[in-house]
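Please read the following report alongside the sequence and the three-dimensional view. It moves from the packing of helices to the nonpolar cores and then to a few individual residues.

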Amino acid sequence: MDFYSSSSTISRGMGEPDEPHVLAVDDNLIDRKLVEKLLKKSSCKVTTAENGLRALEYLGLGADQEHSTNGNGSKVSMIITDYCMPGMTGYELLKKIKLKCKQESSILKDVPVVIMSSENIPTRIDQCMEEGAQMFMLKPLKHSDVKRLRCQLMQCQ
């Protein structure tokens, strides 16, 4: 599996104990790196995935994984995902995470999911919020957006 983390598995425990861990999902490498950089500047640990399937695998919700007992899910404080991605949209990823949380007593049920998109389409925003997204943000993300995310993370911890 190709996951990109801001810290290696050896130094995983070396960060601040209250350092939030964000799973950032985006098929565009530049956007993924931008989100990662902004979040790291705000003292977040960041793991990135290039698509929805990789994100589900990381969270222990992949098709070949029976239960969401993969240790990674418990370590994630927030999931931020692009809306438009090939294979599985951010909306579909959101639905799969929320459905899994309803089916099982999942540790992910309290993890906020934030959708980001370069397109400001009200029906899309409404659809994501109705499905359980915590926030919908326009890309490219700015430092002020990350401040809002950080504030949201502090409420959820």
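Helices α2 and α4 are roughly parallel to each other, a label given to angles under 35 degrees, whereas angles over 145 are roughly antiparallel, 65 to 115 roughly perpendicular and the rest oblique. In this predicted model, local features need pLDDT of at least 70 and side-chain atom pairs count only at pLDDT 80 or more, while totals for chains, interfaces and linings use all residues. Residues are numbered from 1 along each chain as its sequence is written, and side-chain values use heavy atoms, with hydrogens and water left out.

**Helix packing**

Helix α2, residues 52-59, packs on helix α4, residues 90-103, at an angle of about 25°, and their axes are 10 Å apart. Axes here are lines fitted to C-alpha atoms, for helices over the stretch in contact, and angles between N-to-C directions run from 0 to 180 degrees; helices (H or I, at least four residues) and strands (E, at least two) are DSSP runs numbered from the N terminus. The α2 and α4 crossing is right-handed, the term for a near helix turned clockwise from the far one by less than a right angle, with anticlockwise giving left-handed. On the α2 side the contact (heavy atoms within 4.5 Å) is made by Gly52, Ala55, Leu56 and Leu59, and on the α4 side by Leu93, Lys96 and Ile97. Sorted by class, this contact of α2 with α4 has five nonpolar residues, one polar and one charged, where Ala, Val, Leu, Ile, Met, Phe, Trp, Tyr, Cys and Pro count as nonpolar, Asp, Glu, Lys and Arg as charged, and the others, Gly among them, as polar.

Helix α4 also packs with helix α5, residues 122-131, the two axes coming within 10 Å and crossing at roughly 15°; that makes α4 roughly parallel to α5. The crossing of α4 and α5 is left-handed. Here Tyr91, Leu94, Lys95 and Lys98 of α4 meet Gln127, Cys128 and Glu131 of α5, and the residues of this contact divide into three nonpolar, one polar and three charged.

**Fold and nonpolar cores**

The protein chain has six helices and six strands, and from the N terminus on its elements run β-β-α-β-α-α-β-α-β-α-β-α. Of its 157 residues, 47% are buried, meaning under 20% relative accessible area, with exposed over 50% and partly exposed in between (1.4 Å probe, protein chains only). Among contacts with a separation of 6 or more, 67% join residues 24 or more positions apart.

In soluble globular proteins, nonpolar side chains tend to be buried together. The largest nonpolar core (a set of buried Ala, Val, Leu, Ile, Met, Phe, Trp, Tyr and Cys residues joined through side-chain atoms within 4.5 Å) has 25 residues, and those with the most contacts inside it are Leu23, Leu59, Ile79, Ile97, Ile115 and Cys128. At least two residues of this core come from each of β2 (21-25), α2, α4 and β5 (113-117), and α4 gives the largest share, five residues. A second, separate core has 17 residues, including Val22, Cys44, Val46 and Met137. Leaving aside residues up to four places away in sequence, Ile115 touches Thr81, Tyr83, Gly90, Tyr91, Leu94, Cys128, Ala133, Met135, Phe136 and Met137.

**Individual residues**

Three residues are set out below by location and accessibility.

| Residue | Location | Relative accessibility |
|---|---|---|
| Cys84 | loop between β4 (78-82) and α4 | 38%, partly exposed |
| Ser43 | loop between α1 (29-41) and β3 (45-49) | 41%, partly exposed |
| Arg124 | helix α5 | 14%, buried |

Cys84 and Ile115 are 31 residues apart in sequence, yet their C-alpha atoms are 9.8 Å apart in space. Not counting residues up to four places away in sequence, Cys84 touches Asp27, Glu119 and Arg124, and with the same exclusion Arg124 touches Tyr83, Cys84, Ser117, Glu119 and Phe136. The C-alpha atoms of Arg124 and Tyr91 are separated by 8.8 Å, although these residues are 33 residues apart along the chain.

Two backbone details also deserve a look. Ser43, a residue other than glycine, has a positive phi, near 65°. Lys139 and Pro140 are joined by a cis peptide bond with omega of about 0°, and Pro140 is found in the loop between β6 (135-138) and α6 (143-156).
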